[in-house]
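Trainee: Please pick one strand of this model and take me through it closely. Then show me how it connects with the parts around it, and what else in the chain deserves a look.

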Amino acid sequence: MLFDDMRSLLARARNIAIVGAKDKPGSPVDHVGRYLLNAGFNVKPVHAVRRQAWGIPAARSIAELPEWGFDPDIICLFRAPQYCEAHARETLTLPRLPMIFWMQEGIRCPEAGKLMAAAGVKVVEDRCLQTVHAALFDDRTETFSCQRCGKCCEGRGGIVIGPRDLPRLCAYFGLPAEEVLARYAENLGGKPTLKCGEDGFCLFFKAGQGCSIHPARPAVCRAWPFFRGNLVDEVSFAMARDDCPGIRRDVSHAAFAREGFRYLNDYKLRGDDPTREGRALIVDERELPAGARD
Ligand code: SF4
Ligand code: SF4
């Protein structure tokens, strides 16, 4: 598959079912699962015996995914080759076929590949999804480079813990959702938000170090400074540029908005549920300034 095709498929994918999932520290599947959670994907573990991985309840089989309301864009297999054909047949029973049937590094199964390809599903064999994703998506941008000053980690109420953030925080702390929320969140405006310490900074901000939960930080933190207001409104953008030394001084609003919108899409940060996600993440392409739309 061509580089651009794969990048475009991975940018569009949101839901990944990991078959053979387990959160045993040091195992390849644990590494990859945590990476995919941190990269913003909705991950659903699938395992015949284990009841959960990374704090997320597991489905017993691919065929059971619809009962969980999970509609996978990618089936990612950590299974020996002799089981892959059966997993391909199970995949064919799903109400909507995934975009990609992905066999991890060291796994090849031509029979499964033929079944999936005949159904119009892209097939990847013997490749690590984490390695490919990391190579295709580089989070450096032209218009912004964080200077770690910590200004954006100060102030109460802005860091909403959205539905896709919670599993990542649970996996990071090794705690169930109720415990994570009880320890680290308060309800503001009907949404769980990260608490502040007595110094007025986010509980997880450490002076001289920065964010102490960087891989698991919520989507709002990942998205800054590409917030809706800064993308759609030039005055907000100018104020953000004054406050945040990471935004390049010479960048135009249109260039910033164009790159920011692409960034939100690439990293699955755009939201669509104002009742549960930060409003700063909900951006409609039609709101962008002229010159920022592709
Ligand atoms: S204000 Fe800007 S430069 Fe400073 S930590 Fe936040 S994003 Fe980075
Ligand atoms: S979670 Fe990390 S990045 Fe987000 S506000 Fe707290 S310290 Fe800053």
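Mentor: A residue is called buried if 20 or more other C-beta atoms lie within 10 Å of its own, exposed if 12 or fewer do, and partly exposed in between, with the C-beta atoms placed from the backbone. Helices (H or I, at least four residues) and strands (E, at least two) are DSSP runs, numbered from the N terminus. Residues are numbered from 1 along each chain as its sequence is written, while chains are lettered from A and ligands numbered from 1 in the order in which they are written. The model is predicted: local features need pLDDT of at least 70, side-chain atom pairs count only at pLDDT 80 or more, and totals for chains, interfaces and linings use all residues.

The strand I pick is β2 (42–46). Five of its five residues are buried, and β2 is thus mostly covered. Asn-42, Lys-44 and Val-46 point one way from the strand, and Val-43 and Pro-45 point the other way. In a regular strand the side chains alternate between the two faces of the sheet.

Next come the partners of β2. Two strands pair if DSSP finds at least two bridges between them. β2 pairs with β1 (residues 15–19) in the parallel sense, over five bridges. One of the bridge pairs puts Ala-17 opposite Lys-44 of β2. The open sheet to which they belong has five strands in the order β2-β1-β5-β6-β7, with parallel pairing. β2 and β7 (122–124) each have a single partner strand, so they stand at the edges with one side left without a neighbour in the sheet. On average, neighbouring strands of this sheet are turned by 15° against each other, direction ignored; the axes are lines fitted to C-alpha atoms (for helices over the stretch in contact), and angles run from 0 to 180 degrees between N-to-C directions. Further along the sheet, β5 (residues 74–77) and β6 (residues 100–103) run parallel and are joined by four bridges. Ile-74 has Ile-100 of β6 as its bridge partner.

β2 also matters for how the two domains meet. Domain 1 covers 3–136 and domain 2 covers 151–287, with bounds from an automatic or database domain assignment. Their centres, taken over C-alpha atoms, are 28 Å apart. Twelve residues of domain 1 are in contact with 15 residues of domain 2, where contact means that C-beta atoms placed from the backbone lie within 7 Å. On the domain 1 side, α2 (28–38) and β2 are the elements that give two or more residues. The largest share, three residues, comes from α2. By class, that side has six nonpolar, four polar and two charged residues. Here Ala, Val, Leu, Ile, Met, Phe, Trp, Tyr, Cys and Pro count as nonpolar, Asp, Glu, Lys and Arg as charged, and the others, Gly among them, as polar.

Now to domain 2. There β8 (residues 185–188) and β9 run antiparallel, joined by four bridges. Ala-185 is bridged to Leu-194 in β9. Two residues lie between these strands in their hairpin, where Gly-189 takes a positive phi near 60°. Lys-195 lies in the loop between β9 (191–194) and β10 (205–206). Lys-195 counts as partly exposed because it has 16 C-beta neighbours inside 10 Å. Beyond its neighbours within four places in sequence, Lys-195 contacts Tyr-184, Ala-185, Glu-186 and Leu-203.

Leu-194 also appears around ligand 2, along with Cys-153, Ile-159, Cys-202, Phe-204, Phe-205, Cys-211, Ile-213, Arg-217 and Cys-221; such a residue has its C-beta atom, placed from the backbone, within 6 Å of the molecule. This shell has nine nonpolar residues, no polar ones and one charged residue. The shell around ligand 1 includes Cys-146, Cys-149, Cys-152, Trp-224 and Cys-244, and its classes are six nonpolar, three polar and two charged.

Finally, some backbone details. Most residues other than glycine have a negative phi, and most peptide bonds are trans. Trp-224 and Pro-225 are joined by a cis peptide bond, with omega about 5°. Trp-54 is not a glycine, yet has a positive phi of about 55°. Trp-54 lies in the loop between β3 (52–53) and β4 (56–57), and it is buried, with 22 other C-beta atoms within 10 Å.

Conventions: Contact = placed C-beta atoms within 7 Å.
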